[in-house]
Amino acid sequence: MAYGMQIFNADGRKQLDTNESYPNTQLKNVTTSAYSAMAYPPSGYVAGDLILARPVNSPVYTSGGYVPIAMGTLNRFYGSQTSTSSSNFQNTAGIVTALLKNQSVGVGSPSSGEYGLDVYDTNGSTLLFSATRMTGVRLLAVGTVTIGSSVTYTPPASLDFNKIYAVVNGSLMNYIPPIGFPVNSAAQTFTLGYHFFSSASTPYVVVEHKYISGGGSATGTGTFTYQLVYDPT
Amino acid sequence: MAYGLEVFNSAGTKRIVGNTDRLLRLVTHGTVTVNRNSYVDIAITGMANDDSWTVGLNIALFSGFVTDWYYTKSTNNLRIGYNTSASTPASQSIPFYVFRS
């Protein structure tokens, strides 16, 4: 007889499975960073964490009407005051970041009289899921975008758009202006990231993967892995 | 009859897990070194090429050829590769993350 617990959601997706022993994830270190210091990775990051980011609730927009969310250069998010060229968009409103860690680490003992479900691995010590001591995230969208392509995600109206985070590990945005001397080089634009159209009547997110050099857009098979998650709290 | 797990906060006012939610579960993570125009195979028990498996790659910071990374999911295997004909580094290290949902 097998022991343990399996829980499937209404769509047949596994929410818990002690046979697999994969810990669920928890949302930690939610922080608002000012334009002057949008550090990448954010404070508290350790190897294995996913880095999440979203626009602040009252953002500033590009001329295209969106907030770009991605890693920039010089260990800053794109748009930070200290993230290289002044030709880049300046996200003066700042950014909200968070870390997605697994639920098997950094867990304190339950408080006296605490209620809720905790599920441990068969070793009795590795926590796979805790309903009350940590909060996971809901996966909204996941996939890959090949170079030269984009994907649009429109969340259901029931969700609070200001609680949608983009996973920015592997993202990158930068603009390099053209150089005329001593060697001619064309302007280059890298976009592997997210455009949050927060102010649209129906807000949405566009995942972009583009490399433009000298006005020409490259195509290919390179992959940008994207994920959008939701903070349910 | 609906299946699934529903969890509410201690006040009973906020549902923090719903019975239709897909939850991210961390399977493994690590770092591999991949040679230019080559790939590395990583054994992942149970992996399949379906949408319950999710992979994240943490590409190299600011290279003009960052878009040449790719991954391929297959039975019990994850392949991470790096294709370019340009003069990029002969090899690069890339952190990866494997999730199920």
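**Exercise 1.** Identify the bridge partner of B:Ser74 in β7(B), and place this pair in its sheet.

*Solution.* Step 1: B:Ser74 has B:Asn77 as its bridge partner in β7(B). This is a predicted model, in which local features need pLDDT of at least 70, side-chain atom pairs count only at pLDDT 80 or more, and totals for chains, interfaces and linings use all residues. Residues are numbered from 1 along each chain as its sequence is written, while chains are lettered from A and ligands numbered from 1 in the order in which they are written.

Step 2: Strand β7 (residues 77–82) of chain B pairs with β6(B) in the antiparallel sense over six bridges. Strands are DSSP runs (E, at least two residues) numbered from the N terminus, and two of them pair if DSSP finds at least two bridges between them.

Step 3: The open sheet of three strands runs in the order β4-β7-β6 (chain B), with antiparallel pairing. Its edge strands, β4 (38–43) and β6 (69–74) of chain B, each pair on one side only.

**Exercise 2.** Describe the side of chain A that touches chain B.

*Solution.* Step 1: The contact takes 42 residues from chain A and 38 residues from chain B; two residues are in contact if their C-beta atoms, placed from the backbone, lie within 7 Å.

Step 2: Among the strands of chain A that each supply at least two residues to this side are β9 (138–146), β14 (204–213) and β16 (223–230).

Step 3: The residues of this side comprise 18 nonpolar, 21 polar and three charged. Here Ala, Val, Leu, Ile, Met, Phe, Trp, Tyr, Cys and Pro count as nonpolar, Asp, Glu, Lys and Arg as charged, and the others, Gly among them, as polar.

Technical notes. Helix = DSSP H or I, 4+ residues; strand = E, 2+ residues; numbered from the N terminus.
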